[in-house]
Amino acid sequence: MIFIVFVFFFLFFFYSCSLSQFVFKSRVRNMVSPEKLLYKQPSVLVGRTDVVSVTPWLAPIIWEGTFDPVLIDNIYKPMNLTIATTVFAIGKYDRFIRDFLETAEKHFMVGFNVRYYVFTDLPHNVPSVNLNQGRHLTVIQVPGSNRWQEISARRMEIIQTTIEHQIRREADYIFCLDVDSKFHAHWGAESLGRLVAVIHPGYYEQTRDRFPYERRPASTAYIHMDEGDYYYGGAMIGGFVEDVYTLTKVCRNKFEEDAGNSIEAARQDESHLNRYLLYNKPSKVLSPEYLWQDFKAKTKEVKVIRFSGVIKNYAEVRPNV
Ligand code: UD2
């Protein structure tokens with residue numbers, strides 16, 4: 001009898017451990033709008049005509065004027081979602097953490113539960129920033145490196161393992177962002193989707209043969225000149241925790257496969273990300289409003305800059321040139 005009870009508990013323990021490997025938390029449900037909510041009548045005839053707001057695989061491309069922030073936030077807020085937000089600040093990049101967090105508190109997913117995960121080799125240098133209700137910060141120590149290429153590329157592996165060990169139990173959605181950036185305007189529930197990518201601000205006017213994809217067939221990030229949808233920025237990946245987990249796992253494995261063959265993709269993680277997204281189409285695409293660069297003058301189609309990389313002296317902040 002004792003033996004049977006023991007076997008039962010052993011099997012139960014084994015089953016729950018193996019099951020937990022694949023269970024992701026999610027409170028996402030249908031788009032239920034609160035009754036009697038007042039918002040502008042949507043039109044099927046009048047809207048943005050200067051930009052394309054849907055991909056050929058029918059994923060929305062999010063531009064100012066294509067969504068109603070009041071309506072969307074009111075649909076998502078009752079779901080009581082938690083949004084994980086990861087940033088890496090290795091070495092001298094610790095100087096960017098304060099502005100990133102302070103501006104995120106003003107503009108990013110306001111009114112939602114947000115869990116920031118700051119990965120750094122210098123945990124004592126993480127500043128204390130006042131966070132609004134429902135928002136938490138976790139500092140996770142990771143090794144430093146004397147190569148910025150490795151820091152950038154290893155983000156995939158660290159995000160993958162942290163999702164596995166922690167984030168999948170703590171959040172519904174995740175955004176992985178570059179720390180040397182600031183929020184300047186509303187970034188809300190319109191950005192939520194199963195797999196979310198952002199169009200890089202530097203290449204959206206170019207033809208695909210001019211995108212800086214990895215072009216050497218020896219790399220697993222290789223993309224042929226005749227292929228490619230958009231050039232996506234490596235400074236933002238988002239979506240369901242489960243979908244971002246798969247993305248990071250695949251990109252990490254491809255990066256390691258390349259390393260085994262002594263090849264490093266032209267733009268490290270960004271090259272692997274672009275290859276992944278070519279064959280695993282994002283369900284939502286954010287316009288360059290969600291990833292601008294301070295050195296770049298605003299263009300007429302970009303009505304609002306929501307998130308932008310700050311100007312930095314690469315030679316001074318990076319560990320190598
Ligand atoms: C571009 C991409 C970036 C990444 C990189 C790879 C955009 C706008 N930016 O940015 O996402 O793909 O190219 O070549 O799409 N970091 C540290 N310490 C370091 C170096 C980097 O913490 O010493 C982290 C930090 O979080 C930083 C991120 O890595 O935000 C990206 O590195 P970067 O800012 O040097 O790369 P950048 O601006 O060329």
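Author: Two residues are in contact if their C-beta atoms, placed from the backbone, lie within 7 Å. This is a predicted model, in which local features need pLDDT of at least 70, side-chain atom pairs count only at pLDDT 80 or more, and totals for chains, interfaces and linings use all residues. Residues are numbered from 1 along each chain as its sequence is written.

Reader: Which elements do the buried residues of H5 pack against?
Author: Helices (H or I, at least four residues) and strands (E, at least two) are DSSP runs, numbered from the N terminus. Buried means 20 or more other C-beta atoms within 10 Å of the residue's own, exposed 12 or fewer, and partly exposed in between, with C-beta atoms placed from the backbone. In H5 the buried residues include Val 241, Val 244, Leu 247, Cys 251 and Phe 255. The buried residues of H5 pack against S2, H4, strand S5 (173–177), strand S7 (195–199), S8 and H6.

Reader: How far apart are the end C-alpha atoms of helix H5?
Author: Helix H5 covers residues 241–260, which is 20 residues. The expected span is 1.5 Å times one less than the number of residues, so 28 Å is expected for H5. The end C-alpha atoms agree with that, being apart by 28 Å.

Reader: Which helix gives the largest share of the largest nonpolar core?
Author: Such a core joins buried Ala, Val, Leu, Ile, Met, Phe, Trp, Tyr and Cys residues through C-beta atoms within 7 Å. This one has 72 residues, and Ile 83, Ala 89, Ile 174, Met 236, Val 241 and Val 244 touch the most other members. The largest share, 7 residues, comes from helix H4 (residues 148–170).

Reader: Is Met 109 buried or exposed?
Author: Met 109 lies in the loop between helix H3 (97–107) and strand S3 (113–120), and is one of the contacts of Ile 83. Its phi is near 50°, a positive value in a residue other than glycine. Because Met 109 has 26 C-beta neighbours inside 10 Å, it counts as buried.

Reader: Which residues come nearest to the ligand?
Author: The shell has 24 residues, each with its C-beta atom, placed from the backbone, within 6 Å of the ligand. S2 (82–89), H4, S8 (232–240) and H6 (268–279) each give two or more of them. The nearest are Tyr 93, Asp 178, Gly 233, Gly 234 and Glu 270.

Reader: What phi does Gln 268 have?
Author: Gln 268 lies in helix H6. With 24 C-beta neighbours inside 10 Å, Gln 268 counts as buried. Although Gln 268 is not a glycine, its phi is positive, about 45°.

Terms used: Lists of a residue's contacts leave out its neighbours within four places in sequence.
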